[in-house]
Amino acid sequence: MTESGGHGGGGLHAPFDMFGLSGRVAVVTGGLGQLGRQYCRTLAGAGARVAALDLAADEDAVSRAFPDLAGTPACPLGITADVTDKASLEAALARVCEVAGTPDVLINNAALDSPPNAPLEENGPFETYPVESWQRVFEVNAQGVFLCCQVFGGAMAAAGRGSIVNVASIYGLVAPDQSLYQYRRDRGEEFYKPVAYSASKSALYNLTRYLAGYWGRKGVRVNTVTLAGVFNNQDPAFLASYEPRVPLGRMADESDYNGVILFLASDASRYVTGSNLTADGGWTAW
């Protein structure tokens with residue numbers, strides 16, 4: 001089948017060649033985390049040379065994160081980096097360029113949220129939410145993405161090509177449903193989903209649109225993917241509240257987002273920029 005329309009789209013190719021990343025270089029922030037590991041594997045499986053950035057990404061940490069890939073060409077290059085420190089990111093870029101070349105793909109996956117077992121002040125009422133917590137979350141979730149786009153996206157723009165995927169959340173697109181946590185309040189805990197995660201993730205949408213317009217003529221596409229909750233052995237009472245709220249009836253498996261990431265990273269989405277792809281099991285559909 002021959003492509004039609006557009007500029008430079010002619011020619012024959014195998015149906016799934018457009019998803020291939022052979023010869024390309026991909027950077028994943030938070031690359032050793034639950035979802036970061038999935039994205040690294042997916043991009044490597046499509047042929048990319050992957051760099052996994054994390055706060056502690058030495059050789060031992062990478063071997064523990066990818067035990068079956070250790071010593072193989074598919075094993076990600078581990079780079080210790082702090083997304084809130086521009087000098088650290090510039091050093092990481094230099095290392096990526098030295099080993100693999102200029103990045104073609106950036107997955108801004110690193111993020112900070114207050115865990116369910118955080119101190120009371122972290123998960124308490126909005127009226128007493130600590131400004132220090134607000135600043136810390138914004139420093140990672142918003143400023144960290146901004147800095148990564150400056151450093152890695154800037155290198156892509158200079159090279160004239162690239163794809164950036166900013167990982168957002170349903171709680172950046174819509175407000176947290178505080179009724180999900182009523183079971184904790186029924187237990188006597190004054191628990192609320194905190195404000196900073198939601199507000200910081202919402203900032204990514206217009207950062208994405210801004211950069212899509214700013215870098216479009218330089219061949220760099222910038223998109224956002226909005227994800228829902230991922231199963232990670234949560235409290236059964238939470239699951240009983242959460243899952244009926246999802247049209248698909250379950251939390252996401254950690255591998256459910258891999259296809260979305262590959263689509264946005266690859267030429268399969270070559271005419272997609274400034275967009276948000278929602279992969280939430282239908283959470284925002286009702």
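**Exercise 1.** Determine whether Asn-233 is buried or exposed, and locate this residue in the predicted model.

*Solution.* Step 1: The relative accessible area of Asn-233 is 64%. Step 2: The term "exposed" applies over 50%, so Asn-233 is exposed. Step 3: Asn-233 belongs to the loop that runs between strand E6 (220-227) and helix H9 (236-242). Step 4: The backbone of Asn-233 has phi near 60°, a positive value in a residue other than glycine.

**Exercise 2.** Establish how many disulfides the model contains, and explain the result for Cys-40 and Cys-75.

*Solution.* Step 1: A disulfide requires two cysteine sulfur atoms within 2.5 Å. Step 2: For Cys-40, the closest cysteine sulfur is that of Cys-75, at 9.4 Å, which is too far for a bond. Step 3: Taken from the other side, the closest cysteine sulfur to that of Cys-75 is in Cys-40, again at 9.4 Å and too far for a bond. Step 4: The count is therefore 0 disulfides.

**Exercise 3.** State whether Cys-40 and Cys-75 are buried or exposed.

*Solution.* Step 1: The limit for "buried" is under 20% relative accessible area. Step 2: Cys-40 has a value of 0% and is buried. Step 3: Cys-75 has a value of 12% and is likewise buried.

**Exercise 4.** Describe the confidence of the prediction along the protein chain.

*Solution.* Step 1: The mean pLDDT of the chain is 93. Step 2: A value of 70 or more is reached by 94% of the residues. Step 3: Over residues 1-10, pLDDT stays under 50. Step 4: For residues 1-10 the model has 11 contacts beyond four places in sequence.

Technical notes:
Residues numbered from 1 in each chain as written. Predicted model: local features only at pLDDT ≥ 70, side-chain atom pairs only at ≥ 80, totals over all residues. Heavy atoms only, no water. pLDDT = per-residue confidence, 0-100. Contact = heavy atoms within 4.5 Å. Buried < 20%, exposed > 50% of the residue type's maximum accessible area, 1.4 Å probe, protein only. Helix = DSSP H or I, 4+ residues; strand = E, 2+ residues; numbered from the N terminus.
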